[in-house]
Amino acid sequence: MIIAKQIYYYLIGMRPKQRIKNLIIFIPILFSGKSLDIHTSGTAFLLFFLLSFCVWASYHINDY
């Protein structure tokens, strides 16, 4: 039970609703027509996860 609570609070702390705004990274790829290019899409996904991690870390620092 305690582990489930910790996981729940961890997931809430990640603020998944705030990640929707990070999807703006994919807009230029869609308009450029390079969404099927593996290198460009892979870079965009990497940037999405890095941006999400940085935002998540700043939320946690701000909460403390």
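**Figure 1. Helix 1 and its span in the predicted model.** Helix 1 has 12 residues, which at 1.5 Å a residue should span 16 Å; the end C-alpha atoms of helix 1 are 16 Å apart, so the expected and modelled lengths agree. Please keep in mind that this is a predicted model. Within the protein chain, helix 1 is where confidence is lowest, with a mean pLDDT of 81, while helix 2 has the highest value, at 88. For the protein chain as a whole, the mean pLDDT is 83, and 100% of the residues reach 70 or more.

**Figure 2. Arg15, just after helix 1.** Welcome to the loop between helix 1 and helix 2, which is the place of Arg15. What sign does phi take at Arg15, just after helix 1? The angle is positive, at about 50 degrees. Arg15 has a relative accessible area of 28%, so it counts as partly exposed. Setting aside neighbours within four places in sequence, Arg15 is in contact with Tyr59 and Asp63. Along the chain, Arg15 and Ile61 are 46 residues apart, and their C-alpha atoms are separated by 13 Å.

**Figure 3. Helix 3 from end to end.** Helix 3 covers residues 38–63. Its 26 residues, taken at 1.5 Å each, should span 38 Å, and the end C-alpha atoms are 37 Å apart, so this helix also agrees with expectation. Which residues of helix 3 are buried? They are Ser41, Ala44, Phe48, Ser52, Val55, Trp56, Tyr59 and His60. These buried residues of helix 3 pack against helix 1 and helix 2. The next views visit some of them in turn.

**Figure 4. Phe48 and its surroundings.** Phe48 belongs to helix 3. Is Phe48 buried or exposed? Its relative accessibility is 13%, under the 20% cut-off, so Phe48 counts as buried. When residues up to four places away in sequence are not counted, Phe48 touches Arg19, Asn22, Leu23, Ile25 and Phe26. For a sense of scale, take Tyr10, which is 38 residues from Phe48 along the chain: the two C-alpha atoms are separated by 20 Å.

**Figure 5. Aromatic rings around Phe26 and Phe48.** The structure holds five aromatic pairs. In one of them, the ring centres of Phe26 and Phe48 are 5.8 Å apart and the planes meet at 45 degrees, so the pair is tilted. That angle is neither under 30 degrees, as stacked would need, nor over 60, as edge-to-face would need. Phe26 sits in the loop between helix 1 (2–13) and helix 2 (27–32), while Phe48 is in helix 3, so the pair ties together parts that are 22 residues apart in sequence. Phe26 counts as buried because its relative accessibility is 18%. Which residues make up the aromatic cluster here? Phe26, Phe45, Phe48 and Phe49 form one cluster.

**Figure 6. Ser52, a buried serine in helix 3.** Ser52 lies in helix 3. Its relative accessible area is 5%, so Ser52 is buried. With neighbours within four places in sequence left aside, Ser52 is in contact with Arg19 and Asn22. Both of those residues also appear among the contacts of Phe48.

**Figure 7. His60 in helix 3.** His60 is found in helix 3 and is one of the buried residues of that helix. Which residues does His60 contact, leaving aside neighbours within four places in sequence? Its partners are Gly13 and Met14. His60 and Leu11 are 49 residues apart in sequence, and their C-alpha atoms are 12 Å apart in space.

**Figure 8. Stepping back to the whole chain.** The protein chain has three helices and zero strands, and from the N terminus on its elements run α-α-α. Its radius of gyration is 15 Å, well over the 11 Å that the globule rule gives for 64 residues, so the protein chain is more spread out than a compact globule. Taken along the principal axes, the C-alpha atoms fill a box of roughly 45 × 25 × 15 Å. Buried residues make up 19% of the 64 residues. The accessible surface comes to about 5500 Å², and 74% of that area belongs to carbon and sulfur atoms.

Note on methods:
Residues numbered from 1 in each chain as written. Predicted model: local features only at pLDDT ≥ 70, side-chain atom pairs only at ≥ 80, totals over all residues. Heavy atoms only, no water. Helix = DSSP H or I, 4+ residues; strand = E, 2+ residues; numbered from the N terminus. Buried < 20%, exposed > 50% of the residue type's maximum accessible area, 1.4 Å probe, protein only. Contact = heavy atoms within 4.5 Å. Phe/Tyr/Trp six-rings, centres within 6.5 Å; stacked < 30°, edge-to-face > 60°. pLDDT = per-residue confidence, 0-100. Rg over C-alpha atoms; globule rule 2.2 N^0.38 Å. Areas by Shrake-Rupley, 256 points an atom, 1.4 Å probe, with all protein chains shown as cover. Expected span 1.5 Å × (residues − 1).
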